[in-house]
Amino acid sequence: MEFRQLQLFVAVAEELHFGRAAARVGMAQPPFSQQIRKLEAGLGVELLTRTSRRVALTSVGSRFLDDARELLARREEVISTVRRAAQGETGTLRVGFSASSALGILPRIVHRFRSRFPEVKLELDDREKLDVGVALSTGDLDLAIVRAPFRHDGVTVEQLLRERFVLVLPARHPRARQKAVALASLASEPFILFPRHSAPGLHDTITSLCLGAGFSPFIRQEASSWLSVVGMVQAGLGITLAPMSAQALRPKGVVFRELSGGSGWAELAVAFRGPQLMPAAVHFRAIAHETVTLARE
């Protein structure tokens, strides 16, 4: 039994006339009739009664008509699902990110992606001890939003955003009254940072900036989420440096101040195992770049 034979059977069952049914599907009547005979022979049943004046469905044919329609509908559904998956409109997309990379732009990327591809199941993985490079290499993640510098064999990294660092300190801190603060003047201040294993790029960049200003930062506390970092700064336990986009979150009890004399750059990137990306990942990557471009305008 072939799907084409089912289509021909449905046509003649609905028309109850071989000539009209053949014309409906664009076939000559003799080969059309032959295909119906082959279908009946293959099933070992008579689906139609034929006389010189009329064509009618047998009781078995009437029941089979419902099944044939269901099979054809299911076939079209399967074909549509496969095509949509190939176009990146369905399926599952696994995106990794760290707490530090979630600052600022990531929520907007996710929102835009969900609005355009609502039937893609988006799984966001922010496990603190997740090794993003390994997860990308093994296929456990399809792509990731990371803080640069980021390197791993077989993983492609594309820059999304480059932005200045700003100083984050308690609103009651004496330096909160200054418009800009010299990084070197913070040598005696306790710092709150993300753990290096969860944000190596960000951690190393901040450490390098401090070393360039003549001191090694005293890290009083580490926290694995931005809310925890902010909470500790609010409590007066220390200060931190954050990408400029973190100001968009507007946490209470803290202030953001420029770093005078240049503050170095915080870089956000999209990482993936190249060169081939699944279609949904291609869409996410494009939306990430688009969102960053729009944010600059």
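Two strands count as paired if DSSP finds at least two bridges between them. Helices (H or I, at least four residues) and strands (E, at least two) are DSSP runs, numbered from the N terminus.

The model is predicted: local features need pLDDT of at least 70, side-chain atom pairs count only at pLDDT 80 or more, and totals for chains, interfaces and linings use all residues. Residues are numbered from 1 along each chain as its sequence is written, and side-chain values use heavy atoms, with hydrogens and water left out.

**Figure 1. Strand β6 and its three antiparallel partners.**
Strand β6 covers residues 155-170. Four bridges join β6 to strand β10 (residues 240-243), and the two run antiparallel. Here Val 166 faces Ala 242 of β10. Strand β11 (residues 254-260) is also antiparallel to β6, again through four bridges. Val 168 lies opposite Phe 256 of β11. Strand β12 (residues 265-273) is joined to β6 by nine bridges, also antiparallel. In a regular strand the side chains alternate between the two faces of the sheet.

**Figure 2. Glu 158 in strand β6.**
Glu 158 belongs to strand β6. Its bridge partner in β12 is Val 270. Is Glu 158 buried or exposed? Its relative accessibility is 18%, so Glu 158 counts as buried. The scale is relative accessible area: buried is under 20%, exposed is over 50%, and partly exposed is in between (1.4 Å probe, protein chains only). Contact means heavy atoms within 4.5 Å. Setting aside residues up to four places away in sequence, Glu 158 touches Leu 268, Ala 269, Val 270, Phe 272, Arg 285 and His 289.

**Figure 3. Leu 183 in the loop between β7 and β8.**
The loop holding Leu 183 connects β7 (180-182) with β8 (190-193). Leu 183 is buried, at a relative accessible area of 10%. Which residues does Leu 183 contact, leaving aside neighbours within four places in sequence? They are Leu 209, Cys 210, Ala 213, Phe 215, Leu 241 and Leu 259. Leu 241 is 58 residues away from Leu 183 along the chain, yet their C-alpha atoms are separated by 9.9 Å.

**Figure 4. Helix α1 and its cover.**
Helix α1 has 13 residues. From first C-alpha to last, α1 reaches 19 Å, close to the 18 Å expected at 1.5 Å a residue. The expected span is 1.5 Å times one less than the number of residues. Buried in α1 are Gln 5, Leu 6, Leu 8, Phe 9, Val 10, Ala 11, Val 12 and Ala 13. The cover over these residues includes α2, α3, β1, β2 and α4. Just after α1, Leu 16 takes a positive phi of about 55°.

**Figure 5. The buried face of helix α2.**
In α2 (residues 18-25), Phe 18, Ala 21 and Ala 22 are buried. Seen down the helix axis, the buried residues of α2 fall within an arc of 100°, so they line one face of the helix. The arc is that of the directions from the helix axis to the C-beta atoms. An α-helix has 3.6 residues a turn, so residues three or four places apart point the same way. The buried residues of α2 pack against α1, α3, β1 (48-50) and β2. Gly 26, just after α2, takes a positive phi of about 75°.

**Figure 6. Helix α4 from end to end.**
Helix α4 spans residues 59-86. At 1.5 Å a residue, its 28 residues should span 40 Å; the end C-alpha atoms are 41 Å apart, which agrees. Gly 61, Phe 64, Leu 65, Ala 68 and Leu 72 are the buried residues of α4. Their cover includes α1 (3-15), α3 (29-43) and β2 (55-57). Gly 88, just after α4, has a positive phi of about 75°.

**Figure 7. Whole-chain context for the close-ups.**
The chain's secondary structure comes to nine helices and 12 strands. Its C-alpha atoms fill a box of roughly 105 × 35 × 30 Å, taken along the principal axes. Of the 297 residues, 43% are buried. The mean pLDDT (the predictor's confidence in each residue, from 0 to 100) is 87, and 97% of residues reach 70 or more. Confidence is lowest in α4, at a mean of 83, and highest in β8, at 95.
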